[in-house]
Amino acid sequence: MTPAARRPRISIVQAGLHVGETVEIPGWLYNLRRSGKIAFPILRDGTGILQCVAVKSQLPESLFESVKGLTQESSIIVTGRIRQEPRAPGGYELDLENLEIFQRVPEAEPYPITPKEHGIDFLLDHRHLWLRSRRQHAVLKIRHEISRAIRDYLDSHGFTLLDTPVFTPAACEGTTTLFEVNYFDHEKVYLTQSGQLYNEATAMAFGKVYTFGPTFRAERSKTRRHLTEFWMVEPEMAYATLEDVKQVAEELIVFVVGRVLENRRAELAVLERDVSKLENIKAPFPRMSYDQAVELLHQKGSEIQWGADFGGTDETLLGEDFNLPVMVDRFPTAIKAFYMQPDPERPEVALGVDVLAPEGYGEIVGGGQRIHELDLLLRRIDEHGLPREAFDWYIDLRRFGTVPHGGFGMGLERCIAWICGLEHVRETIPFPRMLYRTRP
Ligand code: 4AD
Ligand code: MG
């Protein structure tokens, strides 16, 4: 075909705008059904899935034969007329007129992922290809929707996006989960655990800020909630209290769930997500103190002691009675990070909050109010055995116009797992990094 004879090139999602027209769609062969006289190559192009119809009597013989010989995931460009077809998954079909094969996947070495069940390790080893599957496509479209909703919410509520560094000289969330990096030959730095400390500096310059990027924890936990590299959105506000932090977290979560329901129903359906559970997510969320949470856990048979952090099972137990995220505040100061503001009325608890997702998904948000007094901060840095010199700039923020301030971090992958109803966070990120997995 000469270039002049080319048909308009569209993507599958645009099919509805071209009914009755002959168009060209580039993509990959998702599946092929065939009989002697008719073949149904199913095309995917990243925007959708479209069934094509190739009728032997209407096509040159060689063309019909090459359609019949197509192999899964071969890259192809189909040309044909779009027709409305209420029974088809997307509502349209294409009557095939021509086919260009860009690369035919050889039969001798076929596409490794077939509709049969594969084990999770096999799929993770083939993550670079697994991404093409319908379920993974749905999860990652929802991931994008959630990221966009987070940005839209914060951007329209006066927050300025200020990216924080990945190479950092100091620990934010405890020294036991740091990844150390040799920074040339003169210094050791760590991969960031959280952008919070830098957010505190930008918040004093811009008022309301956020950072949204990858964070790293050398956590030796092999659970369904832990990645070693995960994405976190972290808003931070000057002149803010614990109550302000809770309100923003609550509004953000409600907004994000609403957006997914508005724009990603089809993907939620692919995942067979019970959307009534998501439709229920409205403010206000139940709130309780750590003390009350411990009491509730005792009633539920947990043996947790006052002063201990919640384990995964405790988080699941706490969430199971509510159809909403639960906000737990005022954890023991001793188990929280050095920067947490102790409650002035009761210094053994800190003005921090965790948000636990419903349906047993555990903690999705952690945050609170930060120490703003210089002396107290210095004392806490010492008590945690942290080197003051690594925090000199952070300490400076308490010397020059210090104010009460606070913020939180929301784990993107934990949110996705909850909203999609997934068993494990490993499917929520294109290329998961876990204790025993750094490939592909
Ligand atoms: O509770 P965390 O440790 O809080 C902070 O890092 C604060 N500095 C944030 C802030 O106030 N700006 O982590 C926040 C959230 C958790 O609630 C969880 O959703 C997620 O980050 N998270 C993880 N997600 C996946 N894998 C891991 N290993 C995670 N660790 C934390
Ligand atoms: Mg936490």
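In this predicted model, threonine 428 is placed in the segment that follows helix H13 (412–420). Its relative accessibility is 0%, so threonine 428 counts as buried, the limit for that class being under 20%. A polar contact links the side chain of threonine 428 to the backbone oxygen of valine 425, at 2.6 Å.

The remaining results concern ligand 1. The space that ligand 1 takes is the largest pocket. Two or more residues of the shell around ligand 1 are given by each of the elements strand E11 (229–238), strand E17 (362–369) and strand E18 (405–411). Of these, E17 gives the most, with five residues. The shell around ligand 1 is made up of seven nonpolar, eight polar and eight charged residues. There are 23 residues around ligand 1, and those that come nearest are Glu173, Gln196, Arg217, Glu234 and Glu363.

Several polar contacts join the protein to ligand 1, through both side chains and backbone. A nitrogen atom of ligand 1 lies 2.8 Å from a polar side-chain atom of glutamate 219. On the side of the oxygen atoms, one oxygen atom of ligand 1 is 2.9 Å from an N or O atom in the side chain of arginine 370. An oxygen atom of ligand 1 also lies 3.0 Å from a backbone N or O atom of isoleucine 364. Ligand 1 taken alone exposes 630 Å², and 94% of that area is buried by the protein.

Methods:
Residues are numbered from 1 along each chain as its sequence is written. Chains are lettered from A and ligands numbered from 1 in the order in which they are written. This is a predicted model: local features need pLDDT of at least 70, side-chain atom pairs count only at pLDDT 80 or more; totals for chains, interfaces and linings use all residues. Side-chain values use heavy atoms; hydrogens and water are left out. A residue is near a molecule or strand if one of its heavy atoms lies within 4 Å of it. A polar contact is a pair of N or O atoms within 3.5 Å; within protein, one must be able to donate a hydrogen and the other to accept it, and residues adjacent in sequence count only if both atoms are side-chain atoms. Accessible areas come from the Shrake-Rupley method with a 1.4 Å probe; for residues, only the protein chains shown count as cover. On a 1 Å grid over the protein atoms alone, a cavity is a set of points where a 1.4 Å probe fits but cannot get out, and a pocket is an open set with protein on both sides within 12 Å along at least five of seven lines; lining residues have an atom within 4 Å of a point. A molecule sits in a cavity or pocket if more than half of its atoms lie within 2 Å of its grid points. Helices (H or I, at least four residues) and strands (E, at least two) are DSSP runs, numbered from the N terminus. Ala, Val, Leu, Ile, Met, Phe, Trp, Tyr, Cys and Pro count as nonpolar, Asp, Glu, Lys and Arg as charged, and the others, Gly among them, as polar. Buried means under 20% relative accessible area, exposed over 50%, partly exposed in between (1.4 Å probe, protein chains only).
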